[in-house]
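Trainee: I have a model open and do not know where to begin. Can we go through it feature by feature?

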Amino acid sequence: MASINLMSEIPDEKNKFARTHPGWSVWLRQPAIVALSFVLLVAYAFFLLPSKESAPPFLFYLSINFFIVLVLAFTGNILADNKKPEILKMVVALMLIVALCWLFYRYSGAQWEKLNDFFFNWATLDGNWWILWQGLEVTLLLAFISGVGSVLVGLLIAVLRTLQSPTLNFFLKTYVDVFRSIPMIVVMVFIFFALPFMGISFGSIASTILALSLGYGAYASECFRAGIESVHSGQLEAARSLGLSRWKTIFKIILPQSIPVVIPPLTGTLVAMLKDTAVASIVAAPELLKRARELYTSETNPTPLVAAALIYLAVLVPLVRAVNLLENKLQKRRNG
């Protein structure tokens, strides 16, 4: 008796999320079906989507949501097909973005004719760019000092947890759990606004650095702990058998070997901390967002906020890409 093959294709091991095609759905990936689906979607978009004035609210939102579901189904059918060429997948992904942007443009009710005056009126920044650059300097300074502080706090906690003291570990784990659970803005506001009632007062800069160092120190400690635990226990036993003390074993044997494991998640944590410096505007720290809000208030125009967002992008996108390249390089070194 011949065996029945339930799957028409063998899964691609390189892409475990790519869809395999059972016999009943082979027709979905046929070029003619894909082309017909695209034509029907375009016809739906231009002839069946209602306007706000011509349809009852229920039918209006039902029609738009149904169209979005159809678009997602169409794009998902192609993007999850490991037989489709990558250039087609790229085009379909871009089409999905264009379709969603078009829906927002058509139905948001925004005053698009005033877009340039509201968001890209660079004349409002004439003679004021230096204020944003000063804010950027403060942002980078906060990120640098807080980054050093969080790394030191995280390293200290991770090293202390290697002592395997149940009492000490109870308090260290409590610290890590608390500061990983409380939003950073709450920590910052508590330090800046609440502690003065007890006679403990910090300035806006000091409050920001303290909050970021304590908060992200908890995240950094987990990065260091993962790196330390990745080192084989035989390394510790060999070092101790040679007469090295616990501290020399940690700093000369364990930590140097854990660095390749620690660097990728730690750098990602520090990049996230750089973004969180924007929270410092709530405690009046003169960083980039605070300066942009001041200009927004004085000029009664949101263009300074757009400029601040673009500056954040100009700083953070290269950092994110550098972190990814570093992670890939270390991964290849470990695998090689």
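Mentor: Begin with confidence, since this is a predicted model. The protein has an average pLDDT of 84, and 92% of the residues score at least 70.

Trainee: Which elements have the lowest and the highest mean pLDDT?

Mentor: Helix α9, residues 233-241, has the lowest mean at 74, and α6 has the highest at 94.

Trainee: Where does pLDDT stay under 50?

Mentor: Where pLDDT is low, the predicted coordinates should not be read in detail. Here that applies to residues 1-12, where pLDDT stays under 50. The model has 15 contacts beyond four places in sequence for residues 1-12.

Trainee: What domains does the assignment give?

Mentor: The domain assignment gives domain 1 as residues 2-110 and domain 2 as residues 122-334. The centres of the two domains, taken over C-alpha atoms, are 41 Å apart.

Trainee: Next, the charged side chains. How many salt bridges does the structure hold?

Mentor: Side chains of opposite charge can pair when their charged atoms come close. This structure holds seven salt bridges. One of them joins Glu222 and Arg180, with 3.6 Å from N to O. That pair links distant parts of the chain: Glu222 belongs to helix α8 (residues 204-230) and Arg180 to helix α6 (residues 166-181), and 42 residues separate them.

Trainee: Are Glu222 and Arg180 buried or exposed?

Mentor: Glu222 has a relative accessible area of 18%, so it is buried, the cut-off being under 20%. Arg180, at 40%, counts as partly exposed.

Trainee: Which residues are linked with these two in a network of salt bridges?

Mentor: The network consists of Arg161, Arg180, Glu222, Arg225 and Glu229.

Trainee: What does a salt bridge within one helix look like, for example between Lys290 and Glu294?

Mentor: Lys290 and Glu294 are both in helix α11, residues 288-299, and are four residues apart, about one turn of the helix. Their side chains meet in a salt bridge at 2.6 Å, N to O. Glu294 also forms a salt bridge with Arg291, where the closest N and O atoms are 3.5 Å apart. Arg291 and Glu294 are three residues apart in α11, again about one turn.

Trainee: How do Lys290, Arg291 and Glu294 count by accessibility?

Mentor: Lys290 is buried at 19% relative accessibility. Arg291 is partly exposed at 22%, and Glu294 is partly exposed at 34%.

Trainee: Now the nonpolar side. Which residues of the largest nonpolar core touch the most other members?

Mentor: That core has 22 residues, and those touching the most other members are Tyr175, Met184, Met188, Ala211 and Leu212. Two or more residues of this core come from each of α5 (129-161), α6, α7 (184-194) and α8. Helix α8 gives the most, five residues.

Trainee: What does Leu212 touch beyond four places in sequence?

Mentor: Its contacts include Met184, Met188 and Met273, and also Ser146, Ser150 and Asp276. There is also a second, separate core of 17 residues, which includes Leu274, Leu288, Ala307 and Tyr312.

Trainee: How should I read a polar residue such as Ser213, and where is it?

Mentor: Check its place, its accessibility and its partners. Ser213 is in helix α8 and counts as buried, at 8% relative accessibility. Its side chain reaches the backbone oxygen of Ile209 at 2.7 Å. Farther along the sequence than four places, Ser213 touches Ile145, Ser146, Gly149, Ser150, Val153 and Tyr175.

Trainee: And in a loop, is Asn128 buried or exposed?

Mentor: Asn128 is buried, at 14% relative accessibility. Asn128 is found in the loop between α4 (115-119) and α5. Beyond four places in sequence, Asn128 touches Leu295 and Glu299.

Trainee: Last, the backbone. What is phi for Ala284 and Thr300?

Mentor: A useful check is the sign of phi in residues other than glycine. Ala284 has a positive phi near 70°, and Thr300 has a positive phi of about 50°. Ala284 lies in the loop between α10 (246-276) and α11, whereas Thr300 lies in the loop between α11 and α12 (303-335). Ala284 is partly exposed, with a relative accessible area of 44%, and Thr300 is exposed at 68%.

Conventions. Residues are numbered from 1 along each chain as its sequence is written. This is a predicted model: local features need pLDDT of at least 70, side-chain atom pairs count only at pLDDT 80 or more; totals for chains, interfaces and linings use all residues. Side-chain values use heavy atoms; hydrogens and water are left out. Domain bounds come from an automatic or database domain assignment. A salt bridge is a side-chain nitrogen of Lys or Arg within 4 Å of a carboxyl oxygen of Asp or Glu. Buried means under 20% relative accessible area, exposed over 50%, partly exposed in between (1.4 Å probe, protein chains only). A nonpolar core is a set of buried Ala, Val, Leu, Ile, Met, Phe, Trp, Tyr and Cys residues joined through side-chain atoms within 4.5 Å. Contact means heavy atoms within 4.5 Å. A polar contact is a pair of N or O atoms within 3.5 Å; within protein, one must be able to donate a hydrogen and the other to accept it, and residues adjacent in sequence count only if both atoms are side-chain atoms. pLDDT is the predictor's confidence in each residue, from 0 to 100.
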